[in-house]
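Trainee: Could you take me closely through one part of this structure, the open sheet, and then place that part in its wider setting?

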Amino acid sequence: MNRYCSAALLALLLAVTANAQENENSDHEVMLLEQVASQSGDDASITASDEKNATQQMVDVIVERTNKFRREKGLTAVERDKKLTATARDFARYMARTGKYGHRADGSRPAQRAADHDYDYCLVAENIAYYFNPDDLEAPEYADWFVDGWIDSKGHRENMLNKHVTQTGVGVARHDPSGYLFAVQLFGRPTSEHVEFQVINKAGKEVAYRLLQDGESKKFTLPARAGMSHTRCFAPQISLESGKPLRVERGAEYSIRAGDSGVELEKKAGQDRDPSR
């Protein structure tokens with residue numbers, strides 16, 4: 001049997017940043033897999049040792065293939081994080097136990113689940129999938145199906161290739177009576193990697209500047225001799241109303257001064273290890 005014939009993958013994704021969480025649309029859907037729920041008991045997602053080994057194999061393959069995919073696209077690999085891994089594992093087990101499938105199947109958003117596991121985040125993104133096939137496939141084949149499905153889906157692929165994420169956690173759970181497998185892939189960037197910088201107005205008059213990030217622009221106005229401290233999940237660009245944008249560096253101070261041709265932007269060295277991230 002073709003292993004894709006009876007498989008199901010929903011193109012669902014959610015990327016949450018700490019400073020946009022409150023503005024997030026509350027619309028959502030939860031799929032009810034009655035075949036799973038009708039056979040589920042309280043311990044439905046608790047597997048025997050051999051099943052535990054198989055799901056761990058799947059987790060390993062998913063992480064390895066995801067990093068291989070990132071490197072092929074010129075991105076750095078993401079590192080496994082214990083808290084993100086626990087978050088992904090527990091949510092996969094929840095879906096396997098209840099038969100509810102969706103990013104908010106348990107009533108929480110991905111970022112909230114991560115926070116409940118003490119992951120101090122500035123960015124969280126999640127991919128999920130479920131799979132059913134009566135064929136007796138090996139664990140790596142199941143893992144390949146999940147990864148291939150995510151790569152072939154635009155939104156999931158964007159999560160996998162997000163240049164700002166630095167950590168990952170993966171969980172896989174199986175509901176033995178039905179044969180359904182549930183996979184959760186989390187990506188994160190902790191607040192310890194956020195970017196702090198300052199802008200100081202030394203031009204002797206009110207000035208305006210902009211921060212540019214992911215195609216969006218936000219304007220800030222500073223009175224004379226005033227300053228602004230910024231904290232961002234990842235480095236934006238900064239520019240005056242006219243002039244070439246500069247990539248912000250962690251810990252840098254940007255001074256706006258009066259020059260021969262108008263106001264100019266001057267930077268003191270920052271501490272950024274990799275300003276592209």
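Mentor: Let us begin with one pair of residues: Q198 has E253 as its bridge partner in β14. The model is predicted, so local features are described only at pLDDT of at least 70 and side-chain atom pairs only at pLDDT 80 or more, while totals for chains, interfaces and linings use all residues. Residues are numbered from 1 along each chain as its sequence is written, and side-chain values use heavy atoms, with hydrogens and water left out.

Strand β8 (residues 195-202) and strand β14 (residues 253-259) run parallel and are joined by 5 bridges; two strands count as paired if DSSP finds at least two bridges between them. Strands are DSSP runs of E with at least two residues, helices are runs of H or I with at least four, and both are numbered from the N terminus. The two strands belong to an open sheet of 4 strands, in the order β11-β8-β14-β15, with mixed pairing. Because β11 (227-232) and β15 (262-268) stand at the edges with a single partner strand each, one side of each has no neighbour in the sheet. Neighbouring strands of this sheet are turned by 20 degrees against each other on average, direction ignored; the axes are lines fitted to C-alpha atoms, and angles between N-to-C directions run from 0 to 180 degrees.

The edge strand β11 also leads to a covalent link. The structure holds 1 disulfide, a term for a pair of cysteine sulfur atoms within 2.5 Å. It joins C122 to C233, with 2.2 Å from S to S, and is right-handed, with 60 degrees about the S-S bond. C122 lies in strand β5 (residues 121-131) and C233 in the loop between β11 and β12 (237-240), so the link ties together parts 111 residues apart in sequence. Both C122 and C233 are buried, that is, under 20% relative accessible area with a 1.4 Å probe and protein chains only, where exposed means over 50% and partly exposed lies in between.

As for the wider setting, the protein has 6 helices and 15 strands. Buried residues make up 45% of its 277 residues. Of the contacts (heavy atoms within 4.5 Å) with a separation of 6 or more, 69% are between residues 24 or more positions apart. The accessible surface comes to about 14000 Å², and 44% of it belongs to carbon and sulfur atoms; such areas come from the Shrake-Rupley method with a 1.4 Å probe, and for residues only the protein chains shown count as cover.
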